[in-house]
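Colleague: I'm a first-year student learning to read models like this one. Please pick the packing of the helices, take a close look, and walk me through it in plain words.

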Amino acid sequence: MAATDSMAERMLLYQRSNGGWPQPGGDAIDYKKPLTPAQQKRLLDEKGWLDTTIDDAATTREINYLVTAFRTTQHEAYRQAAERGIRYLLTAQQPNGGWGQFYPDSSKYRKHITYNDNAMINVLWVMKHVVDGTNDFNGVDKKLIPEARQAVNRGIDCILHTQFVQHGILTAWCAQHDHITLKPAGARAFELPSLSGSETVGIVTFLLVIEHPSAEVKRAIRAATTWLESVKLTGIATKTIIDPNQPKGKDVVVVQDPASTIWARFYDLETNKPFFCGRDGVKKYALADIENERRAGYGWYGTWPARLLSKDYPKWEKKWGTD
């Protein structure tokens with residue numbers, strides 16, 4: 001009898017009949033937490049629910065874990081569950097080549113091409129591992145390879161077609177793009193159409209691994225890295241402080257720091273000016289101008305592009321930069 005993996009066993013219970021995984025309550029599932037018999041029964045009763053998603057690495061996370069669990073245990077159920085997950089992702093790919101945050105749910109912003117939190121890029125990495133047989137994906141059905149290869153190619157085309165042209169200049173990407181027009185789109189009230197200092201990094205990092213990149217891919221990479229370099233913010237940093245006057249006793253403030261280089265999460269589509277937004281949906285240009293709940297509860301600044309610009313992109317340019 002094959003060995004079992006307790007986390008993999010719980011993943012089997014959470015997997016929906018369509019092959020994907022949900023995100024109950026909007027939070028990532030804690031697979032280390034044991035399930036009571038009543039919880040197990042409820043999950044079996046919910047198998048047919050259509051709440052499957054790629055948000056916050058849901059579905060891709062489970063597939064990645066299960067292929068490794070299969071390698072270490074040779075438990076056939078883990079391989080089969082991973083393959084069902086891969087087939088779910090193949091089915092969920094849109095005609096435009098992208099993936100929405102949810103499938104089959106297409107309500108509100110769930111249908112948008114979703115780069116937010118690397119959702120679509122996580123899917124493309126899964127597909128690439130299927131094609132290459134890397135990261136323990138060599139154990140999955142080889143019949144999935146042609147479909148996965150096609151999915152990667154279509155996904156790359158989607159990336160190229162959604163890169164934003166600002167006043168005639170190719171720049172970066174929004175966290176979401178309209179599934180019809182491919183233009184930058186909003187999501188939650190505080191996530192307005194913008195250029196992303198975060199999601200752009202995940203997209204470019206994926207493009208960097210393409211062997212023998214086309215002229216179009218090279219142009220996309222160079223334009224995005226040029227844009228990231230142009231919008232970096234020097235001399236400021238964020239600091240979390242104790243503030244008893246705030247609801248949760250803390251706040252996030254912008255401070256002067258001569259040694260700091262950071263990027264904003266959102267940049268204005270027309271001006272590249274960093275902006276911030278509370279739950280009222282109103283664009284502001286100072287972090288202090290939005291409510292504390294959003295100010296301290298969202299990643300408005302970060303160093304996401306630092307490694308890309310200092311190491312990964314120069315290495316790529318050295319390899320592929322002859323033309």
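**How the helices pack**

Modeller: Helix 1 and helix 4 are oblique to each other. Keep in mind as you look that this is a predicted model. To see why the word oblique fits, take the angle: helix 1 (residues 6-14) and helix 4 (residues 76-92) pack at about 45 degrees, with their axes 10 Å apart. Angles under 35 degrees would count as roughly parallel, and 65 to 115 as roughly perpendicular, so this pair is oblique. Their crossing is left-handed. From helix 1, the residues in the contact are A8, E9 and L12, and from helix 4 they are A77, Y78 and A81. Sorted by class, that gives five nonpolar residues, one charged residue and no polar ones.

Stay on helix 4 for a moment and find I86. Together with L207, I86 has the most contacts inside the largest nonpolar core, which has 88 residues. Leaving aside residues up to four places away in sequence, I86 touches I63, V126, M127, V130, F137, V140 and L144. Follow the chain into the loop between helix 4 and strand 1 (113-114), and you come to P104. The peptide bond from Y103 to P104 is cis, with omega near 10 degrees.

Now for L207, the other residue named with I86 for its contacts in the core. L207 is one of the buried residues of helix 7; the others are E199, T200, V201, G202, I203, V204 and F206. That makes eight of the nine residues in helix 7 buried, so this helix is largely enclosed by the rest of the structure. What does the covering of these buried residues include? Among the elements are helix 5 (119-132), helix 6 (145-162), strand 5 (195-196), helix 8 and helix 10 (306-320).

Let's look at two of those neighbours in turn. Helix 6 packs against helix 7 at an angle of about 130 degrees, with the axes 12 Å apart. That angle makes helix 6 oblique to helix 7. Helix 6 passes helix 7 in a left-handed crossing. Here V152, I156 and I159 from helix 6 meet I203, F206 and L207 from helix 7. The contact of helix 6 with helix 7 has six nonpolar residues, with no polar and no charged ones.

The other neighbour is helix 8 (residues 215-230). Its axis and that of helix 7 (residues 199-207) come within 10 Å and cross at roughly 145 degrees. The crossing of helix 7 and helix 8 is left-handed too. Helix 7 brings T200, V201, V204 and L207 to the contact, while helix 8 brings V217, A220, I221, A224, T225 and L228. In this contact, eight residues are nonpolar, two are polar and none is charged. L207 takes part here, and it also meets helix 6.

The loop between helix 7 and helix 8 is worth a look as well, and H212 lies in it. H212 has a positive phi of about 50 degrees although it is not a glycine. Is H212 buried or exposed? Its relative accessibility is 65%, so H212 counts as exposed. D56 also has a positive phi of about 50 degrees and is not a glycine. You will find D56 in the loop between helix 2 (37-45) and helix 3 (60-73). At 36% relative accessibility, D56 counts as partly exposed.

To finish, return to the surroundings of helix 7 and look for P305. This proline sits in the loop between strand 11 (301-302) and helix 10. With 0% relative accessibility, P305 counts as buried. Leaving out residues up to four places away in sequence, P305 touches G197, V201, L228 and W263. Two of these may ring a bell: V201 and L228 also belong to the contact between helix 7 and helix 8. P305 and K319 are 14 residues apart in sequence, and their C-alpha atoms are 20 Å apart in space.

One more loop residue is S194, between strand 4 (176-177) and strand 5. At 1% relative accessibility, S194 counts as buried. Again setting aside residues up to four places away in sequence, S194 touches W173, C174, P184, F266, Y267, L269 and F275.

Notes: Residues numbered from 1 in each chain as written. Predicted model: local features only at pLDDT ≥ 70, side-chain atom pairs only at ≥ 80, totals over all residues. Heavy atoms only, no water. Axes fitted to C-alpha atoms, helices over the stretch in contact; angles between N-to-C directions. Helix = DSSP H or I, 4+ residues; strand = E, 2+ residues; numbered from the N terminus. Left-handed = near helix turned anticlockwise from the far one by under 90°. Contact = heavy atoms within 4.5 Å. Nonpolar A, V, L, I, M, F, W, Y, C, P; charged D, E, K, R; others polar. Parallel < 35°, antiparallel > 145°, perpendicular 65-115°, else oblique. Core = buried A, V, L, I, M, F, W, Y, C linked by side-chain atoms within 4.5 Å. Buried < 20%, exposed > 50% of the residue type's maximum accessible area, 1.4 Å probe, protein only.
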